[in-house]
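Subject: Structure for you to look at

Hello,

Here is the structure I promised to hand over. Please open it first, then read my notes below.

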Amino acid sequence: MRFKNKSRNPTTIRCYPGLRCSFSVLLWSLVGCLLLLNLYCFIFEKNAPHGGAHLRINQHQHFRELEEVEEDNIQMPPPRKRSARAAKRKPKRPTTMIEEFLDESSQLRHVFFPGQRTAIDPRRSSNDTYYYYPGRMWLDTEGNPIQAHGGGILHDQRTKMYYWYGEYKDGPTYHAHKKGAARVDVIGVGCYSSKDLWTWKNEGIVLAAEEHNETHDLYKLNVLERPKVIYNEKTGKYVMWMHIDDTNYTKASTGVAISDLPTGPFNYLYSKRPHGYESRDMTLFKDDDGVAYLVYSSEDNSELHIGPLNEEYMDVTQSMRRILVGQHREAPALFKHEGTYYMITSGCTGWAPNEALAHAAESIMGPWETIGNPCIGGNKVFRETTFFSQSTFVLPLPELHGSFIFMADRWNPADLKDSRYVWLPLRVSGPVDQPLEYNFGFPLWSRVSVYWHKRWRLPYRWQEIN
């Protein structure tokens with residue numbers, strides 16, 4: 001029921017007891033603020049470097065397109081025919097989309113792992129140049145599939161090049177024993193170089209496996225995963241950290257290697273359990289002040305540990321914090337925006353994809369708070385499986401404020417060398433959508449959003465900057 005207001009008073013805003021401010025005063029105040037804002041923008045644009053304002057406008061328009069929600073719907077295939085006797089003996093439950101993804105004989109195999117005919121090929125000149133196609137085969141400048149799984153990217157200030165390091169898995173997939181996970185013998189760490197983040201030249205294997213010495217950490221039957229490289233300005237060395245393990249994943253250690261050049265060869269130094277704890281999935285993060293940090297899954301992957309490296313980046317210090325305790329997260333990928341630290345992690349479900357979560361902290365040592373699933377677009381299954389992939393790295397794009405590239409692996413446990421890469425635009429903007437544990441509400445930091453697109457690119461002018 002609606003009641004009519006019989007006593008209408010003039011519309012005014014009460015500022016102090018006994019004082020009334022008319023709308024006209026408020027309106028002229030707003031006009032004055034807008035004029036001052038326009039004057040500031042005019043002065044800033046006038047003093048900006050040539051083309052800077054035009055680039056900012058182009059970026060704004062371009063990322064507005066990337067932030068549009070793109071839906072994607074995969075239809076489940078019809079159930080396979082079964083004999084009447086088999087159906088009566090054991091009724092078949094409906095298969096899930098994740099089961100279809102893991103089934104190498106699925107009718108949807110071409111959807112998750114498209115064939116070479118649709119590969120991203122830098123040797124071809126076409127309208128698809130500089131476009132990313134998440135999940136498609138990605139070829140290097142020699143026409144071979146890129147082998148840089150579980151990797152990360154170093155932007156080298158000395159050479160002005162990007163270097164992509166990752167697991168080189170160009171070998172047969174097999175199971176070490178009946179209940180063992182799918183694996184490929186260690187071949188080494190692959191390295192690729194690029195100026196535009198799209199055309200990648202194979203620089204070879206920069207850290208090779210040990211073929212014969214069974215006691216060596218890099219022996220081919222062991223495990224080498226998630227290599228990351230950072231540069232140390234004080235020593236002039238490129239330092240690589242990686243997950244080192246045995247076939248049964250009981251060693252649970254980190255390995256360290258160094259090189260004078262970003263393209264190697266890297267000299268392997270040693271392995272250890274950092275801070276005396278198990279270490280499996282790991283990553284490195286180098287802060288603005290030059291301090292580098294190691295982040296790793298520990299205690300049977302039930303929590304993450306984080307701590308600074310020493311000045312040479314070749315060992316941890318005694319300082320360490322346990323974060324996300326009891327949350328069973330792995331595959332950490334850290335980045336920083338406007339003084340706030342962010343991290344994307346994965347759940348622990350083996351080769352099967354699962355839901356990513358974003359976390360934020362005012363201090364890198366914590367406390368860290370979970371701010372929700374960053375995935376936007378696709379459909380519900382896409383979002384709950386991180387677009388059928390797992391996080392590995394977040395690459396900052398300093399020229400594009402608040403913009404990053406989310407790097408993930410779409411693992412193919414039936415043929416690990418054919419695992420694919422899912423690169424998507426990541427933006428930091430807008431409010432978070434999940435109440436937080438420590439703040440009892442919503443903090444001032446922004447939401448992390450990873451947008452699904454079947455096809456996308458960076459702004460054209462970005463290639464000119466680089």
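A word on naming first: helices and strands here are DSSP runs, numbered from the N terminus, and a strand needs at least two residues. With that in hand, Trp-452 is easy to place: look in the loop between strand S26 (446-451) and strand S27 (456-457). Please keep in mind that this is a predicted model.

The overall picture

The protein chain has seven helices and 27 strands. It holds 466 residues, and 50% of them count as buried. Its accessible surface comes to about 24,200 Å². Carbon and sulfur atoms account for 54% of that surface. Take the contacts in the chain with a separation of 6 or more: 53% of them join residues 24 or more positions apart.

Around Trp-452

Trp-452 has a relative accessible area of 4%, so it is buried. Leave aside its neighbours within four places in sequence, and Trp-452 is in contact with residues including Glu-70, Asp-72, Pro-134, Ile-376, Arg-410 and Leu-424. Asp-72 is 380 residues away along the chain, yet the C-alpha atoms of the two are separated by 8.6 Å. Trp-452 also belongs to an aromatic cluster. Its other members are Phe-101, Phe-112, Phe-113, Phe-382, Phe-387 and Phe-388. Of these, Phe-382 and Phe-387 are also on the contact list of Trp-452.

Rings and charges

A search of the whole structure finds 25 aromatic pairs. One of them is Trp-351 with Trp-411: the ring centres are 5.2 Å apart and the planes stand at 65 degrees, so the pair is edge-to-face. This pair links distant parts of the chain, 60 residues apart. Trp-351 lies in the loop between strand S19 (340-347) and strand S20 (357-361). Trp-411 lies in the loop between strand S24 (403-410) and strand S25 (420-431). Trp-411 has 5% relative accessibility, so it counts as buried.

Asn-412 is in the loop between S24 and S25 as well. At 3% relative accessibility, Asn-412 counts as buried. Not counting residues up to four places away in sequence, Asn-412 touches Arg-109, Phe-113, Asp-418 and Ser-419. Phe-113 is a member of the aromatic cluster described above.

Two arginines are worth a look. The charged end of Arg-136 sits over the ring of Tyr-133, 3.9 Å from the ring centre. The charged end of Arg-455 sits over the ring of Tyr-131, 3.6 Å from the ring centre.

Two open sheets

Strands of a sheet pair through backbone hydrogen bonds, either parallel or antiparallel. Which kind of pairing do the four strands S14-S15-S16-S17 show? They form an open sheet in that order, and the pairing is antiparallel. Strand S14 (282-286) and strand S17 (321-323) are the edge strands, each pairing on one side only. From one strand to the next, the twist averages 25 degrees. S14 and strand S15 (residues 292-298) pair over five bridges. Leu-284 has Leu-294 in S15 as its bridge partner.

Another open sheet has four strands in the order S18-S19-S20-S21, again with antiparallel pairing. Its edge strands are strand S18 (329-337) and strand S21 (369-372). Here the twist averages 30 degrees from one strand to the next. Seven bridges join S18 to S19. Ala-333 stands opposite Ile-344 in S19.

Over to you.

Best wishes

Terms used. Residues numbered from 1 in each chain as written. Predicted model: local features only at pLDDT ≥ 70, side-chain atom pairs only at ≥ 80, totals over all residues. Heavy atoms only, no water. Phe/Tyr/Trp six-rings, centres within 6.5 Å; stacked < 30°, edge-to-face > 60°. Buried < 20%, exposed > 50% of the residue type's maximum accessible area, 1.4 Å probe, protein only. Lys NZ or Arg CZ within 6 Å of the ring centre and 35° of its normal. Pairing = 2+ DSSP bridges. Axes fitted to C-alpha atoms, helices over the stretch in contact; angles between N-to-C directions. Contact = heavy atoms within 4.5 Å. Areas by Shrake-Rupley, 256 points an atom, 1.4 Å probe, with all protein chains shown as cover.
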